[in-house]
Amino acid sequence: MRPRLPALVLSLSLSALGGCVTTPKVAPPPLTEEQKLSQEVARLASEAAALLKSQDLLVWNFWAEGARADMASTYDGKEALFSLDNIRKIDRLRQRTTEPRELRALTALQSHFAGEYLSQQLAEMNDAIANLEASLTFQVDGREVRWGELERLLANERAAPKRQALYTAATPALERLNPLIQRREQRTEELVRELGYASYEAFGGELRQADLNRLALLAEEVLQATEAPYKDVMERLARRELGMPFTSLTRADLPRLFRPREVDGFFPKNGMLSRAHGTVSGMGLGLYGMKNVRVDAREDVKRKNPRPLSLGIEVPGDVRLSVRPGEGALEQSRLLHEFGHALHYAYTKEPRFELAKLGNPTVTEAYAALFEDLMEDPVWLEEQAGLKGKDRSTYLAATSAHKLFLIRRAAGRLLYQLALHRQEEGVDARELYKAMLERVDEMPATKDDVARHLVEQEDFFQSADSFRAWFLAGQLQGQLKARFGPSWWHTPDAGKFLQGLWAHGNALSAREVAEAMGEQGIAPDVLLLRLGTTLGVPIKLDARDENAAPPAAPTSPTAPASPENTPAAPTAPAQEPAPATLP
């Protein structure tokens with residue numbers, strides 16, 4: 001028997017059938033201009049996220065499968081997405097925003113759109129440079145050598161005269177790139193102003209989320225503090241590795257000097273993944289078994305790229321790691337680096353696309369560098385690779401010397417790029433480059449060296465990211481050792497501590513990550529102390545972090561307000577391995 005409807009429901013139904021009078025719906029109030037703008041910007045962000053996902057999937061298939069990747073086709077029908085008009089819409093909304101988190105998201109979105117706009121406008125020039133560079137060859141002793149093989153050949157060549165011959169012979173070939181690079185630089189300056197920025201430096205400062213004046217002070221101080229220790233270290237390394245005094249070296253000798261050490265046998269191919277997994281599993285972390293992570297470790301795919309790669313297709317919902325196990329210290333360090341990225345992506349709790357995936361890469365590079373730096377940890381090397389005694393000491397002396405060299409190079413490049421873009425008309429860029437090289441490397445700069453001043457130029461102060469990431473990774477390592485002991489990777493509380501930081505995705509700036517750990521800001525002290533101890537040379541630094549007071553009178557326009565410099569509510573230093581809080 002069908003149950004009877006309650007009387008009340010039945011009477012209401014009959015009333016409705018009888019055409020009872022209903023209250024007319026009140027029309028919602030019209031959207032304000034700001035609400036309309038917010039909706040439009042949200043739509044732009046959604047379209048950008050979908051496009052970026054499709055592009056990352058192409059990269060993944062190219063990397064892991066060797067499939068053809070037609071990146072240009074992903075822009076079909078979306079030519080107007082990264083237009084000046086849309087960039088200005090994002091900027092208008094950003095200018096009306098006072099909430100720090102929203103400001104950060106909009107700044108990241110605007111930087112992404114501006115970068116895509118520049119790429120579109122410079123696509124023809126970039127393609128021409130890439131195609132020419134790929135085809136460059138030069139003659140040495142009657143044989144043709146590809147420009148892309150020069151670094152490897154220099155590292156493998158035992159004889160100094162032959163290294164110099166290779167280096168010199170390559171110069172005329174690479175100089176063919178200079179006219180194209182010059183035209184691209186000029187056009188880039190014009191485009192930056194079309195985007196509404198006062199200068200190349202202003203855009204670069206926002207892209208890097210840093211006050212470049214303050215960072216330049218830190219770079220200058222690092223160069224001064226490491227000058228004498230660097231010369232001492234390089235003298236010892238040159239005599240041990242090349243049997244030459246440092247004063248006799250040329251830049252043709254550097255790839256050989258810093259070639260991978262003879263320790264590859266300690267890092268066999270069949271243990272490459274287990275060393276990385278064993279390290280993170282001790283902290284209660286892992287990539288295997290996580291529903292949002294895919295690890296492709298196949299070895300039988302013929303066209304698979306042998307270099308490890310981590311991609312956050314959708315952060316954190318779809319994180320992928322491609323690995324083709326290989327032998328050697330270099331391969332192990334690359335895998336640990338990508339593990340750092342993958343863990344950061346996989347443990348992110350940030351739901352917003354702009355704060356999970358976009359933004360300056362310094363923070364995620366710091367997490368990657370933290371794990372890569374295990375290859376310079378004496379305890380980890382003995383535990384995971386059985387590397388100890390003289391073999392370990394020799395290896396660490398060489399890798400630490402190389403890190404010191406790279407830090408000085410990054411500092412020098414940053415100062416050179418700032419000087420280059422602040423130069424008055426008529427100043428010779430070659431002379432600026434020559435002065436930087438000679439100061440940073442403590443070696444005379446030859447004509448062949450200076451001829452590379454355009455080829456080795458970087459876009460928008462890229463060294464600022466590496467510079468800060470290395471220092472932040474050093475501070476992270478120092479905090480982990482202080483809280484959880486020398487073998488911090490064995491402690492589940494260390495995993496919880498890192499998860500607390502990773503949970504914010506890219507919503508924390510590099511400075512805020514440092515502050516969330518209880519540091520005053522990004523500072524090089526911990527890393528330089530470690531390098532100095534390993535190398536046996538004291539490095540004394542009157543550390544001025546990037547948040548120190550800037551010069552009284554900046555010599556050029558500084559970056560517009562960016563999340564890195566946005567005041568935030570203070571947070572108490574973390575005392576326990578609990579999730580860090582967003583300032």
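Buried here means under 20% relative accessible area. Keep that cut-off at hand for the exercises below, which all use a predicted model.

**Exercise 1. Helix H21**

Find which residues of helix H21 (residues 492–502) are buried, and name helices that cover them.

*Solution.* Start with the accessible areas along H21. Applying the cut-off gives Ala494, Gly495, Phe497, Leu498, Gly500, Leu501 and Trp502 as buried. Now recall the helix geometry: an α-helix has 3.6 residues a turn, so residues three or four places apart point the same way. Finally, look at what packs over these positions. The cover of the buried residues includes helix H13 (329–346), helix H15 (362–372), helix H20 (463–484) and helix H22 (510–516).

**Exercise 2. The setting of Gln110**

Decide whether Gln110 is buried or exposed, then work out which side chains it makes polar contacts with.

*Solution.* First, place the residue: Gln110 belongs to helix H4 (residues 100–121). Next, take its relative accessible area, which is 2%. Because buried means under 20%, Gln110 counts as buried. Then list its contacts, setting aside neighbours within four places in sequence: Ile87, Ile90, Asp91, Arg94, Tyr197 and Glu206. Last, check for polar contacts between side chains. The side chain of Gln110 has one with that of Arg94, at 3.2 Å, and one with that of Tyr197, at 3.2 Å.

**Exercise 3. The second largest pocket**

Describe the lining of the second largest pocket: how many residues are there, and which helix gives the largest share?

*Solution.* Begin with the volume, about 410 Å³. Around this space are 14 lining residues, with Glu185, Gln186, Leu420, Gln423 and Ala429 nearest the centre. Helix H8 (178–194), helix H17 (389–422) and helix H18 (429–441) each give two or more residues to this lining. The largest share is that of H8, with four residues. Sorting the lining by class yields three nonpolar, six polar and five charged residues.

**Exercise 4. The cavities**

Work out how many cavities of 30 Å³ or more there are, and what lines them.

*Solution.* The count is two. Take the largest cavity, of about 60 Å³. Among its 10 lining residues, Gln209, Asn360, Val363, Ser509 and Ala510 are closest to the centre. By class, this lining splits into three nonpolar, five polar and two charged residues.

Turn to the second largest cavity, with about 40 Å³ of space. Its lining consists of Arg413, Tyr416, Gln417, Tyr433, Met436, Glu456, Gln457 and Glu458. Both H17 and H18 give two or more of these residues, and H17 has the largest share, with three. The classes come out as three nonpolar, two polar and three charged.

Technical notes
Residues are numbered from 1 along each chain as its sequence is written. This is a predicted model: local features need pLDDT of at least 70, side-chain atom pairs count only at pLDDT 80 or more; totals for chains, interfaces and linings use all residues. Side-chain values use heavy atoms; hydrogens and water are left out. Buried means under 20% relative accessible area, exposed over 50%, partly exposed in between (1.4 Å probe, protein chains only). Contact means heavy atoms within 4.5 Å. A polar contact is a pair of N or O atoms within 3.5 Å; within protein, one must be able to donate a hydrogen and the other to accept it, and residues adjacent in sequence count only if both atoms are side-chain atoms. On a 1 Å grid over the protein atoms alone, a cavity is a set of points where a 1.4 Å probe fits but cannot get out, and a pocket is an open set with protein on both sides within 12 Å along at least five of seven lines; lining residues have an atom within 4 Å of a point. Grid points are joined across faces, edges and corners, and a volume is the space filled by probe spheres set on the points. Ala, Val, Leu, Ile, Met, Phe, Trp, Tyr, Cys and Pro count as nonpolar, Asp, Glu, Lys and Arg as charged, and the others, Gly among them, as polar.
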